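Biologist: Thanks for sitting down with me over this one. Could you take me through its pockets, cysteines and sheets?

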Amino acid sequence: YDITFMACLPDMVVMAPRNEAELCHMIATSFAIDDCPSCFRYPRGPGIGLDLELEGVKVGNPGYKGVPLEVGKGQVLREGTHACLLGYGTPTNNCLKAAKLLEEYGISVTVADARFCKPLDEKLIRRLAKEHPILVTVEEGSVGGFASHVLQFLALDGLLDGNLKVRPLLLPDVPIEHGSDQFQLEQAGLTPAHIASTVLSLQGKTAESLQILAK
């Protein structure tokens, strides 16, 4: 729920890392911002096993030092043509896995990491919306969070006036029981299979969308 209640505050910079290296960079970014408040999500669980130095993080003894990011700048992780998965925070990793699953169905997918909920990378989102027939946002947040900010921008920019199909994937409006990350993602419908199924459904491939969930 943090995305929703933090991003509604005026002048607040809101960001979320997809991995341990991005977390280091966002800590550095928060320290570098001196003209407004900022916050970042501290991901649950272990990292994904990156070589931090290869990711631009200075490894000290003790501690780690990241490099400040450009505020409000997202990142495209892979390019495709049939659909775009726009992740915010750690769900971006499942977007990458979903893109791999969709390759088996001949679907080419762009995956982008928004990095920032506020300010949004409007230039990037505009390009993604114009270059893809399908846009799916993915977040571990409630209604009123990242997807709401994206949809607000798309609406005001006139990008919802054409044939673009948009679907937000987020936490359901019900309590989720305590458990492992995998258990909670299953309950929330945010696994790679759920993300891939959403894309298949939007393409009219109903049988395939059900099939991928059954695997």
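Modeller: Gladly! A definition to begin with: Ala, Val, Leu, Ile, Met, Phe, Trp, Tyr, Cys and Pro count as nonpolar, Asp, Glu, Lys and Arg as charged, and the others, Gly among them, as polar. Please keep in mind that this is a predicted model.

Biologist: With those classes, how do the residues lining the second largest pocket divide?

Modeller: The lining consists of C117, K118, P119, L120, E122, H149, Q152, F153 and L156. This pocket has a volume of about 150 Å³. Sorted by class, its lining residues come to 5 nonpolar, 2 polar and 2 charged.

Biologist: Which element gives the largest share of that second lining?

Modeller: Two elements give two or more residues to the lining of the second largest pocket, β8 (116-118) and α5 (146-156). The largest share is 4 residues, and the element supplying it is α5.

Biologist: Now the largest pocket: which element supplies the largest share of its lining?

Modeller: The space in the largest pocket is about 990 Å³. Its lining has 34 residues, with R44, T90, E140, D181 and L185 lying nearest the centre. At least two lining residues come from each of α2 (20-32), α3 (91-103) and α6 (181-188). The largest share, 5 residues, belongs to α6.

Biologist: And how does the lining of the largest pocket divide by class?

Modeller: The same definition applies here, with Gly counted among the polar residues. For the largest pocket, the split is 17 nonpolar, 9 polar and 8 charged.

Biologist: On to the cysteines: how many disulfides does the count come to?

Modeller: A pair of cysteine sulfur atoms has to be within 2.5 Å to qualify. C36 is in no disulfide, as the nearest cysteine sulfur, in C39, is 10 Å away. The sulfur of C39 has its closest cysteine sulfur in C117, at 9.0 Å, which is too far for a bond. The count is therefore 0 disulfides.

Biologist: Is C39 buried or exposed?

Modeller: Buried means under 20% relative accessible area. C36, at 25%, counts as partly exposed. C39 has a relative accessibility of 17%, so this cysteine counts as buried.

Biologist: Which strands stand at the edges of the sheet of 3 strands?

Modeller: This open sheet has mixed pairing and the order β2-β1-β8. An edge strand has a single partner, so one side of it is left without a neighbour in the sheet; here the edges are β2 (38-40) and β8.

Biologist: Within that sheet, which residue stands opposite M15?

Modeller: Strand β1 (residues 13-15) and β2 run parallel and are joined by 3 bridges. Opposite M15, in β2, stands F40.

Biologist: Which strands are at the edges of the sheet of 5 strands?

Modeller: The order in this open sheet is β5-β7-β6-β9-β10, again with mixed pairing. Two strands have a single partner each, so one side of each lacks a neighbour in the sheet: β5 (75-78) and β10 (165-169).

Biologist: And which residue stands opposite G87?

Modeller: Strands β6 (residues 83-87) and β7 (residues 109-113) run parallel, joined by 5 bridges. The residue in β7 that stands opposite G87 is D113.

Biologist: One last thing: what separates the C-alpha atoms of A28 and G66?

Modeller: A28 has its place in helix α2 and counts as buried at 14% relative accessibility. A28 and G66 are 38 residues apart along the chain, and their C-alpha atoms are separated by 5.5 Å.

Conventions
Residues are numbered from 1 along each chain as its sequence is written. This is a predicted model: local features need pLDDT of at least 70, side-chain atom pairs count only at pLDDT 80 or more; totals for chains, interfaces and linings use all residues. Side-chain values use heavy atoms; hydrogens and water are left out. Buried means under 20% relative accessible area, exposed over 50%, partly exposed in between (1.4 Å probe, protein chains only). On a 1 Å grid over the protein atoms alone, a cavity is a set of points where a 1.4 Å probe fits but cannot get out, and a pocket is an open set with protein on both sides within 12 Å along at least five of seven lines; lining residues have an atom within 4 Å of a point. Grid points are joined across faces, edges and corners, and a volume is the space filled by probe spheres set on the points. Two strands pair if DSSP finds at least two bridges between them.
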